[in-house]
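Thanks for coming. Let me put the model on the screen, and then I will go through it piece by piece.

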Amino acid sequence: MGRSTWSIWDPFVAVCFELTSPARSLPRGRGTEVHTASVATPPIEGSFIVSETRDGQRVAVVTDSTADLSAAMAEDLDLRVVPMSVTFGNETFISGVTIDDQEFYRRLDSAPTLPTTAQPNPHWFLEAWQDAADDGHEAVVSLHVSRELSGTVSQARRLAATATLPITVVDSRQVGGGLALMVLAAQRAARANGTTSEVVLAARRVGEQVVNRVVVATMENLRRGGRVSGPQALVGRALRVRPILGVQDGAIVPMGRTRTQRRAFDDIARELLDAFGDVPMAAVVTHAVAPSVAEMAVEVLDDVLDLRQHHIQVFGPVLGTHAGEGAVAIAAVPAALVAGPSGSEETTDTSDAPDAPDVTDTPDTPDTPGAARS
């Protein structure tokens with residue numbers, strides 16, 4: 001997502017061919033960028049899913065499709081999602097609107113080159129915000145993918161002044177499951193009739209603590225995108241290299257490599273244990289055409305941690321394009337920051353899943369993950 005393709009995804013290559021790699025600490029969030037002051041927020045209790053909205057909810061929560069929340073979950077939570085677009089050749093689709101995950105991965109599997117993705121059309125922001133106003137909300141917290149990875153936040157901030165109600169745009173400094181956890185926390189606070197500041201603070205607290213890692217199963221999409229050669233991809237496959245990336249300071253950075261996915265999941269779980277101790281945890285596990293591997297990740301987390309809530313979802317086009325088939329991401333945070341330790345709960349969105357086998361930007365500029373800033 002940004003100016004020219006790939007630079008932020010270069011860590012995939014660096015990790016794959018690094019023969020020795022020292023242990024590295026977990027990438028932790030460094031906070032969010034907002035325009036409003038923060039006030040204390042009440043404890044958030046319950047599960048990920050909230051079935052009813054209290055009368056008079058004042059603040060609506062809006063996010064973008066890089067959170068990878070399914071349409072069903074967004075509807076259950078009364079969330080508004082601004083979609084990115086994806087282009088295969090001369091055909092452009094709107095993520096979750098004119099193309100679903102299953103069709104995306106079907107096309108990706110047969111595409112001669114990788115598709116490109118772009119930040120949302122301004123229309124989608126204005127429509128989501130107006131929908132919130134029409135439903136009686138007094139304000140909106142619009143929580144989006146890190147500005148290090150996309151121009152989405154900058155575009156939202158430019159458009160906010162034209163909305164019919166107050167808009168607070170938040171740079172999450174996250175993507176994928178990390179962003180999803182922040183959105184879930186924000187919506188819990190909003191459903192508790194929180195003010196704008198309370199909703200922002202609920203998201204910020206998660207952003208400051210969340211750990212977000214991606215385990216890559218194959219280098220095939222790197223090869224197809226022209227970032228590694230065929231022989232390099234063959235070497236990576238022969239060595240069973242599994243690159244591990246993390247989100248740190250809003251960017252995607254290399255964290256290490258392993259030979260098996262299970263080992264990678266175990267390493268992540270134990271680093272989470274070192275970071276947070278035995279506190280109850282909540283996790284979002286995101287996969288690309290690998291539901292059984294995602295379940296394995298949950299099993300490993302549950303074996304090592306006090307896993308109280310977890311949610312399994314599918315990589316959408318923005319991250320799925322480059323993570324490649326079999327990739328699994330784990331984002332986790334103490335459960336008290338998201339829903340409270342109310343017992344073990346699971347939510348799994350697989351209805352659309354394929355079966356396994358501040359920057360200067362232009363709205364129409366390709367927004368492919370890993371793009372360099374100009």
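Start with an open sheet of four strands, in the order 2-1-6-7, where the pairing is parallel. Two strands are said to pair if DSSP finds at least two bridges between them. Helices and strands here are DSSP runs numbered from the N terminus, with H or I over at least four residues for a helix and E over at least two for a strand. This is a predicted model, so to speak of local features we need pLDDT of at least 70, side-chain atom pairs count only at pLDDT 80 or more, and totals for chains, interfaces and linings use all residues. Residues are numbered from 1 along each chain as its sequence is written, and side-chain values use heavy atoms, with hydrogens and water left out.

At the edges of the four-stranded sheet are strand 2, residues 80–82, and strand 7, residues 167–171, each of which pairs on one side only. On average, neighbouring strands in this sheet are turned by 25° against each other, direction ignored. For angles, axes are lines fitted to C-alpha atoms, for helices over the stretch in contact, and the angle between N-to-C directions runs from 0 to 180 degrees.

Strand 6, residues 139–144, runs parallel to strand 7 and is joined to it by five bridges. Across from Val 140 we find Ile 167 in strand 7. Helix 7, residues 196–209, packs on the sheet and touches strand 1, strand 6 and strand 7. The direction of helix 7 makes about 15° with that of strand 6. Helix 4, residues 122–134, lies across strands 1, 2, 6 and 7, and runs at about 170° to strand 2. Touching, or contact, means heavy atoms within 4.5 Å.

Is strand 7 mostly covered or mostly open? It is mostly covered, with five of its five residues buried. Buried means under 20% relative accessible area, exposed means over 50%, and partly exposed is in between, using a 1.4 Å probe and protein chains only. Ile 167, Val 169 and Asp 171 point one way from strand 7, while Thr 168 and Val 170 point the other way. To get from strand 6 to strand 7 the chain passes through helix 5, residues 152–160, and this β-α-β crossover is right-handed. That term applies if, with the strands pointing away from the viewer, the path from the first strand over the helix to the second runs clockwise.

One residue of strand 1 deserves a stop: Asp 64. Asp 64 has a relative accessible area of 1%, so it counts as buried. Its side chain makes a polar contact of 2.4 Å with that of Thr 66. A polar contact is a pair of N or O atoms within 3.5 Å; within protein, one must be able to donate a hydrogen and the other to accept it, and residues adjacent in sequence count only if both atoms are side-chain atoms. Beyond its neighbours within four places in sequence, Asp 64 is in contact with several residues, including Val 81, Leu 143, Thr 152 and Leu 179.

Now a second open sheet. This one has three strands in the order 4-3-5, with antiparallel pairing. Strand 4 (91–94) and strand 5 (116–118) are at the edges with a single partner strand each, so one side of each has no neighbour in the sheet. Strand 3, residues 85–88, pairs with strand 4 over four bridges, and Thr 87 stands opposite Thr 92. Helix 3, residues 101–110, lies across strand 3 and strand 4, at about 30° to strand 3.

Next, helix 6, residues 177–191. Its 15 residues reach 21 Å from first C-alpha to last, close to the expected 21 Å, where the expected span is 1.5 Å times one less than the number of residues. In helix 6, 15 of 15 residues are buried. After helix 6 comes Asn 193, whose phi is positive, near 65°.

Further along is strand 13, residues 328–334, with seven of its seven residues buried. Strand 8, residues 211–215, runs antiparallel to strand 13 and is joined to it by five bridges. Strand 11, residues 281–287, also pairs with strand 13 in the antiparallel sense, over seven bridges. There, Ala 283 has Ala 332 as its bridge partner.

Last, Leu 301 in helix 11, residues 291–304. Leu 301 is at 1% relative accessibility, so it counts as buried. Among the residues it touches are Ala 283 and Ile 330.
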